[in-house]
Amino acid sequence: MIIIKSERDLEAMRPACAVASAVLDEVAAFIQPGVTTHDVDEFAGSRMRYYGAKSAFFGYRHKSSKKYPCQLCISVNEQVVHGLSGPRPLRFGDIVSLDVGVIYNGFIGDTAKTVAVGGCGLLAQKLMDVSEQALYEGIAQAVPGKRVVDISRAIQQYVEGNGFSVVREFVGHGVGRSMHEDPQVPNFVDGKASEKLRPGMTIAIEPMVNAGLPGVKVLNDGWTVVTQDGSLSAHFEHTVLITESEPEILTWHDEKMGLKLKA
Ligand code: MF3
Ligand code: CO
Ligand code: CO
């Protein structure tokens, strides 16, 4: 069942998405060689607390009986999504996918991006650029009258046209008071019936893009998803509102946001 958000819902959800966006950018700026993924997790948790928000991921159960044990998802190099933090130090040249989900005002904001640690090689840079642009190609289709599959097709065509592949096993999703609402938003055309997009729908669009083959597997920790062929992977995500006209990206913020929220 798709939950259409009222203007009142959106008044609560916009700040939740803005907090997620602010935390993601602050965490991205914290990334540098030598920092451990555990340091990143602690920093993310402290920034969420600063805004009066909580991690939407900590304690979450998803295709796994175990509760997610971290504040954010941090996935390095061939790790695709749901990476767990620990004592691993980030090294110059790594690429790191950061996925931030917060609960604030009773709503969830979900947003992700991949960044290089210091710098990275040309292939990694192209992978990140193509994945980010694929997200915007998908967002451009998020208008009333189109269907979810139009988003999926735009992402898949852009990614494959650039020689990379999209992950099948994990998909975007509706988002609101719960992290995963209907509809599913695949990054490929799956041939199934596809919902019409309507104003008031809020969806997380999130291409997961592999430099090599699309196959993935889950590590023994029960969470970390990696590419089967060991190739690099990147992930970009925005929470987006379908309006009567242009899509509204909810996961953005301006410089003064902290002050406004505290006011
Ligand atoms: N943020 C992920 C998504 O974009 C979900 C994370 S599930 C968790 O859908 F358990 F790892 F937190
Ligand atoms: Co996410
Ligand atoms: Co998501």
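## Polar contacts of ligand 1

How far does a polar side-chain atom of E237 lie from an oxygen atom of ligand 1? The separation is 3.1 Å, and it comes with two further contacts of this kind. E206 places a polar side-chain atom 2.9 Å from an oxygen atom of the ligand, and H173 does so at 3.1 Å. Of the 340 Å² of accessible area that ligand 1 has on its own, the protein covers 97%. Please keep in mind as you read on that this is a predicted model.

## The shell around the ligand

Let's step back to the residues around the ligand. Ligand 1 is surrounded by 13 residues, and the closest are F57, D99, D110, H180 and E206. E206 is thus one of the closest residues and also the one whose polar side-chain atom lies 2.9 Å from a ligand oxygen.

Sorted by class, this shell has six nonpolar residues, three polar ones and four charged ones.

## The largest pocket

Which space does ligand 1 take? The answer is the largest pocket, whose volume is about 450 Å³. Its lining is made of 27 residues, and those closest to the centre of the pocket are H62, H82, V171, H173 and H180. Two elements give two or more residues to this lining: β7, which spans 172–174, and β8, which spans 181–185. The largest share, four residues, comes from β8.

Two of these names will be familiar from the ligand. H173 is among the residues closest to the pocket centre and has a polar side-chain atom 3.1 Å from an oxygen atom of ligand 1. H180 is also among those closest to the centre, and it is one of the closest residues to ligand 1 as well. By class, the pocket lining has 11 nonpolar, seven polar and nine charged residues.

## One enclosed cavity

How many cavities of 30 Å³ or more does the structure hold? There is one, and the volume of the largest cavity is about 30 Å³. Its lining consists of I2, I3, K5, G174, V175, E181, D182, P183, M201, T202 and I203. The elements that give two or more residues here are β8 and β9, the latter spanning 202–205.

Strand β8 turns up again: it gives the most to the cavity lining, with three residues, and it also supplies the largest share of the pocket lining, with four. As for classes, the residues lining the cavity divide into six nonpolar, two polar and three charged.

Terms used. Residues numbered from 1 in each chain as written. Chains lettered and ligands numbered in written order. Predicted model: local features only at pLDDT ≥ 70, side-chain atom pairs only at ≥ 80, totals over all residues. Heavy atoms only, no water. Near = heavy atom within 4 Å. Polar contact = N/O pair within 3.5 Å; in protein donor to acceptor, adjacent residues only side chain to side chain. Areas by Shrake-Rupley, 256 points an atom, 1.4 Å probe, with all protein chains shown as cover. 1 Å grid on protein atoms, 1.4 Å probe; cavity = no way out; pocket = protein on both sides within 12 Å on 5 of 7 lines; lining within 4 Å. Sits in = over half its atoms within 2 Å of the grid points. Nonpolar A, V, L, I, M, F, W, Y, C, P; charged D, E, K, R; others polar. Points joined across faces, edges and corners; volume = space filled by probe spheres on them.
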